[in-house]
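Reader: I am new to this structure and would like a close look at one part of it. Please start with a single side chain, then move on to the part itself.

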Amino acid sequence: MTTRGNIVRKAVIPAAGLGTRFLPATKAMPKEMLPVVDAPAIQYVVEEAVNAGLSDILMITGQSKRALEDHFDRTPALERSLELKGDQARLDAVQHASALGPIHYVRQGEPKGLGHAVLCARQHVGDEPFAVLLGDDLIDERDELLTTMMEVQQKTGGSVVALMEVEPSQISAYGCADISSIDGEGYVRVNSLVEKPKVEDAPSNLAIIGRYVLHPAVFDVLENTGPGRGGEIQLTDALQTLAAGEGEGSGVYGVVFRGRRYDTGDKLSYLKAVITLASERPEFGEDLKTWMKGFIG
């Protein structure tokens, strides 16, 4: 199979995690449905994929994730009620979610890690490059990270990861990349990857954030990747194999992102994301900022 130059059409969104960091809120509600202002976090991710031109979206879900499917489905009774009330703004918002495009769903079954979740997409993806978007990282719609990564994948024929500089003291919370620059290019070559290294062992302060554009060769590697850190099948381990390999689908490249990223992966970062995005809303952002100045003062 030859994928160099192929257009990336499919997006995989892993959403099977238990969301234990947000208990008890996530006891009966998927963490992906936690609201960021007035839309669930997962909607921002789907919108990003659609805006990048990805027309085929697969969501990897698990037990108690039915709310994800319901959110992107039509709700005729609710829509009719809003229509009768003349509430066009809310009607448009509700219909927007269900009009984003066809979304397919596959259950992971067991929480065996991100690598296993990606492997669950094999039958749907087939032999073509695809994007993976994690819901913990929201990328501002003004920053075209995913589009850039797709262009790099088409140019190189390998796999592409998004990288971002973090404080060296924080690198142990991320996958970390050792990289080399490529003359005349806006992307870098990834020499090696390590999942959540100790601070003193990290090869750089470049963290892997939740966007990937992958060659389908990753599936064969994942099939033969055993449990790694945390007893889970790590996508980082599979990418390390591809980075060190040769032949079709080998090679891993990185796009260093310096744009606006909102981390919803822990409580404090989630609150910061909500406040940041809310403060930019034209209908109440200025009022919110005025209130925050008084509250802090």
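What is the relative accessible area of Lys-112? After that, please take me through helix 1 (41-51) and its surroundings.

Author: The model is a predicted one. Lys-112 has a relative accessible area of 36%. That value lies between the 20% and 50% limits, so Lys-112 counts as partly exposed. Its salt-bridge partner is Glu-110. Their closest N and O atoms are 3.8 Å apart. Glu-110 is also partly exposed, at 48%. Elsewhere, Arg-9, Lys-10 and Glu-128 are joined into one network by salt bridges that share partners.

Now to helix 1. It spans residues 41-51. Most of it is covered: 8 of its 11 residues are buried. Ala-41, Ile-42 and Gln-43 are buried near the beginning of the list. Val-45, Val-46, Glu-47, Glu-48 and Ala-49 complete the buried set. An α-helix has 3.6 residues a turn, so residues three or four places apart point the same way. Just after the helix comes Gly-53, with a positive phi of about 95 degrees.

Take Glu-48 next. It has a relative accessibility of 13%. That is under the 20% limit, so Glu-48 counts as buried. The side chain of Glu-48 meets that of Arg-211 in a salt bridge, at 2.7 Å from N to O. Arg-211 belongs to strand 11, while Glu-48 belongs to helix 1, so the pair ties together parts that are 163 residues apart in sequence. Arg-211 is buried too, with a relative accessible area of 0%.

The count for the whole model comes to 21 salt bridges. Another of them pairs Arg-90 with Asp-87. Here the closest N and O atoms are 2.9 Å apart. Arg-90 has a relative accessible area of 55% and is exposed. Arg-211 in the helix 1 pair, by contrast, is buried. Disulfides are another matter: the count is 0. Cys-120 is partly exposed, at 22% relative accessibility. Cys-176 is buried, at 0%.

Back to the helix, and to Glu-47. Its C-alpha atom is separated from that of Ala-97 by 8.7 Å. Along the chain, the two residues are 50 apart. Ala-97 sits in helix 4. It is buried, with a relative accessible area of 3%.

Next, the pockets. Rolling a probe the size of a water molecule over the atoms shows where empty space is left. Helix 1 helps to line both the largest pocket and the second largest.

The largest pocket holds about 1,400 Å³ of space. Its lining has 50 residues. Nearest its centre are Arg-21, Lys-31, Leu-134, Asp-136 and Lys-196. Helix 1 supplies at least two residues of that lining. So do other elements, including helix 5 (114-119), strand 8 (159-165) and helix 9 (235-244). The largest share is that of strand 11, with 4 residues. Strand 11 is also where Arg-211, the partner of Glu-48, is found. By class, the lining splits into 21 nonpolar, 15 polar and 14 charged residues.

The second largest pocket has about 1,000 Å³ of space. Its lining has 36 residues. Closest to its centre are Ala-39, Gln-43, Tyr-44, Glu-47 and Glu-141. Two of these names, Gln-43 and Glu-47, also appear among the buried residues of helix 1. In this pocket, helix 1 gives the largest share of the lining, 6 residues. Among the other elements that each give at least two are strand 3 (39-40), helix 2 (66-71), helix 4 (88-98) and helix 7 (145-156). This lining divides into 15 nonpolar, 6 polar and 15 charged residues.

Strand 7 (137-139) also supplies at least two residues of the second lining. Asp-137 lies in that strand. At 7% relative accessibility, Asp-137 is buried. A polar atom of its side chain lies 2.5 Å from the backbone nitrogen of Gly-210.

To put helix 1 back together: it is mostly covered. Its Glu-48 is paired with Arg-211 in strand 11. And helix 1 provides the largest share of the second largest pocket's lining.

Definitions and conventions
Residues are numbered from 1 along each chain as its sequence is written. This is a predicted model: local features need pLDDT of at least 70, side-chain atom pairs count only at pLDDT 80 or more; totals for chains, interfaces and linings use all residues. Side-chain values use heavy atoms; hydrogens and water are left out. On a 1 Å grid over the protein atoms alone, a cavity is a set of points where a 1.4 Å probe fits but cannot get out, and a pocket is an open set with protein on both sides within 12 Å along at least five of seven lines; lining residues have an atom within 4 Å of a point. Grid points are joined across faces, edges and corners, and a volume is the space filled by probe spheres set on the points. Ala, Val, Leu, Ile, Met, Phe, Trp, Tyr, Cys and Pro count as nonpolar, Asp, Glu, Lys and Arg as charged, and the others, Gly among them, as polar. Buried means under 20% relative accessible area, exposed over 50%, partly exposed in between (1.4 Å probe, protein chains only). A disulfide is a pair of cysteine sulfur atoms within 2.5 Å. A salt bridge is a side-chain nitrogen of Lys or Arg within 4 Å of a carboxyl oxygen of Asp or Glu. A polar contact is a pair of N or O atoms within 3.5 Å; within protein, one must be able to donate a hydrogen and the other to accept it, and residues adjacent in sequence count only if both atoms are side-chain atoms.
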